[in-house]
Number of protein chains: 2
Amino acid sequence: MIQKLITNIKKTNAPIVVGLDPMMGFVPENITKKAFEEYGETLEGAAEAVWQFNKAIVDSTYDLIPAVKPQIAMYEQFGIPGLLAFKKTVDYCREKGLVVIGDVKRGDIGSTSAAYAVAHLGRVKVGGNLLTPFGEDFATVNPYLGSDGIKPFIDVCKEEKKGLFILVKTSNPSSGEFQDQLIGQDKRPLYELVGEKVAQWAESCMGETYSYIGAVVGATYPEMGKVLRRVMPKSFILVPGYGAQGGKAEDLVHYFNEDGLGAIVNSSRGIIAAYKQEKYASFGQENFADASRQAVLDMIEDINHVLENR
Amino acid sequence: MIQKLITNIKKTNAPIVVGLDPMMGFVPENITKKAFEEYGETLEGAAEAVWQFNKAIVDSTYDLIPAVKPQIAMYEQFGIPGLLAFKKTVDYCREKGLVVIGDVKRGDIGSTSAAYAVAHLGRVKVGGNLLTPFGEDFATVNPYLGSDGIKPFIDVCKEEKKGLFILVKTSNPSSGEFQDQLIGQDKRPLYELVGEKVAQWAESCMGETYSYIGAVVGATYPEMGKVLRRVMPKSFILVPGYGAQGGKAEDLVHYFNEDGLGAIVNSSRGIIAAYKQEKYASFGQENFADASRQAVLDMIEDINHVLENR
């Protein structure tokens with residue numbers, strides 16, 4: 001699946017991923033109204049609104065982008081109907097040829113981690129059948145529990161040719177509370193140790209030039225990103241925090257390798273709620289998907305501009 | 001909800017929780033066969049088998065125990081039908097008066113953590129309605145992302161009078177890889193810092209004598225449990241690792257406070273797959289739920305014996 005990601009990035013010349021994190025406040029009124037008319041003000045109604053919103057944005061942007069990253073929490077909050085909308089979104093994006101990164105941040109140990117891996121990246125055995133529960137291409141994983149938590153995911157990745165992005169240094173203001181703690185004789189930060197572990201896990205699961213095992217490093221910490229790029233040379237870095245969270249394109253150059261690959265930059269509300277920004281307000285609420293398309297084009301230009309001029 | 005947990009523990013005189021982590025290999029053949037006859041070898045068939053298995057165990061043990069802890073990964077692996085079985089299990093256990101600890105180990109930041117909190121502990125606004133997505137009483141949460149990840153959960157807990165168990169020191173062999181790293185001037189382990197943060201968060205969210213904010217500390221690290229008990233005096237400790245993972249009752253005394261409260265010990269396969277142990281083999285596969293009841297009685301006696309003799 002890392003090969004498909006690389007192929008898609010080269011084809012679109014766009015090292016970006018659109019975060020499908022549909023908060024209800026982002027969904028235009030006409031979509032919500034129609035969904036509520038059909039299903040009532042229910043979990044089903046909310047899920048239908050979210051799904052129609054996603055579909056319009058995917059239809060309007062899929063030819064420009066290599067991948068999407070649905071954030072499962074935004075679906076889980078609408079219970080079972082919400083998770084059905086998540087599954088429909090995953091399936092629809094895969095049909096459109098997109099790589100789907102399930103932003104699920106799961107993590108447990110042993111057979112429990114294996115169950116999460118199967119749920120999101122694998123197939124589950126039921127009697128004589130092998131069935132696909134959710135079927136994303138990549139999943140984000142939390143490393144706090146150590147190797148016992150990661151290895152069952154890696155086993156499924158090897159079997160299914162799927163991939164991971166393991167949280168190393170997250171984009172939020174308080175990410176340093178635990179991740180930046182200085183450890184050991186040489187007083188290096190914890191996130192570097194986690195990065196070293198990712199590099200080891202990555203070695204065990206290589207594609208042609210890059211590993212199936214990547215990392216998450218926030219755009220909001222560019223100096224740390226520079227170090228982590230060197231620590232994990234074979235891993236793709238999934239970079240959240242561009243745009244709405246304050247990360248700028250010029251901060252991102254060091255997340256990429258010399259080959260122009262090795263990173264994929266996420267934007268969520270900056271794309272899917274573009275119509276709410278002053279910059280794209282002229283599209284109007286009814287043309288929200290066109291605003292998203294323009295925001296994608298602008299983001300690609302912004303990032304490629306700094307990559308070409310580094 | 002911490003008051004209900006304490007009331008239930010006092011009523012049953014059993015500081016234990018039954019982990020409802022139904023792997024397919026635990027479900028007796030006659031249940032699986034019947035479910036497959038009705039739904040085929042499908043995700044629906046697997047979910048039905050899991051639900052019938054759970055229901056029998058809950059019916060056979062609910063009067064002896066204060067709480068259950070369904071592990072959502074074991075349901076998520078069966079996709080949407082599996083999560084429906086999770087929801088049915090949560091609802092059924094709450095109807096039976098049990099406290100339900102959703103072992104979901106979620107964790108993200110900001111509005112995403114808020115969405116997870118709403119999904120599992122809160123209510124989501126849809127139009128003019130407030131709806132309950134999954135409705136557990138407590139949830140387990142991963143702290144790797146720092147305060148930004150935890151505070152949205154605490155906000156929902158305050159509103160809904162629900163609670164958390166935050167991962168501090170997990171029971172697995174490699175938990176020390178990151179959690180035991182020595183930090184700062186005084187070279188204390190990371191899990192102690194996480195424990196101190198839990199104590200602070202706990203202060204902000206108090207019930208009568210205990211906080212709504214608890215911690216997870218594995219039974220397999222009793223010396224660390226002793227320290228963490230003092231670090232987090234107002235927090236309940238959820239203790240995995242008893243039984244199958246090697247934790248013994250005598251290791252557990254220091255997880256409790258002087259009042260005999262402050263800890264709740266989990267057993268999963270030791271209870272729900274008791275009929276597979278030599279000790280309970282005489283019950284036979286068809287009486288698996290009776291074997292589980294006997295295993296619960298034995299566990300309560302084992303733990304109370306060491307608590308009375310400390």
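Contact here means heavy atoms within 4.5 Å. By that rule, 70 residues of chain A are in contact with 70 residues of chain B. The model is predicted, with an ipTM of 0.97 and a pTM of 0.97.

**Start with chain A.** Colour chain A by pLDDT. The average is 96, and 100% of the residues score at least 70.

**Show both chains.** Superpose chain A on chain B: a turn of 180° with a shift of 0.0 Å along the axis lays one on the other with an RMSD of 0.0 Å. Such a relation is that of a two-fold axis. The two copies use the same surface, since 100% of the contact residues of chain A recur in chain B. To find the axis in the viewer, select Ile183(A); of the residues of chain A, Ile183(A) comes closest to the rotation axis, with its C-alpha at 2.5 Å.

**Select the interface.** The size of an interface is often given as the accessible area lost when the parts come together. Between chain A and chain B, about 5600 Å² is buried, and carbon and sulfur atoms give 63% of that area. Now pick out Ile80(A), Tyr144(A) and Phe178(A) on the chain A side. These three lose the most area to chain B in chain A, and together they account for 16% of what that side buries.

**Turn to the polar pairs.** Across the interface of chain A and chain B, 31 residue pairs are in polar contact, with both residues at pLDDT 80 or more. Next, colour the chain A side by residue class: the side that touches chain B has 36 nonpolar, 24 polar and 10 charged residues.

**Look for the salt bridges between the chains.** There are 6 between chain A and chain B. Select helix α6 of chain A, residues 110-121, which supplies 7 residues, the largest share of the side of chain A that touches chain B. For a salt bridge that crosses the interface, select Lys197(B) and Glu177(A): their side chains meet at 4.0 Å, N to O.

**Finish inside chain A.** Over all chains, the structure holds 34 salt bridges. One within a single chain joins the side chains of Lys33(A) and Glu37(A), at 3.6 Å from N to O. Display helix α2 of chain A, residues 29-39, as a cartoon with these two side chains as sticks. Why are Lys33(A) and Glu37(A) separated by about one helical turn? The reason is that Lys33(A) and Glu37(A) are 4 residues apart in helix α2.

Note on methods
Residues numbered from 1 in each chain as written. Chains lettered and ligands numbered in written order. Heavy atoms only, no water. Buried area = accessible area lost by both parts, 1.4 Å probe. Polar contact = N/O pair within 3.5 Å; in protein donor to acceptor, adjacent residues only side chain to side chain. Nonpolar A, V, L, I, M, F, W, Y, C, P; charged D, E, K, R; others polar. pLDDT = per-residue confidence, 0-100. Least-squares fit on C-alpha atoms with pLDDT ≥ 70 in both.
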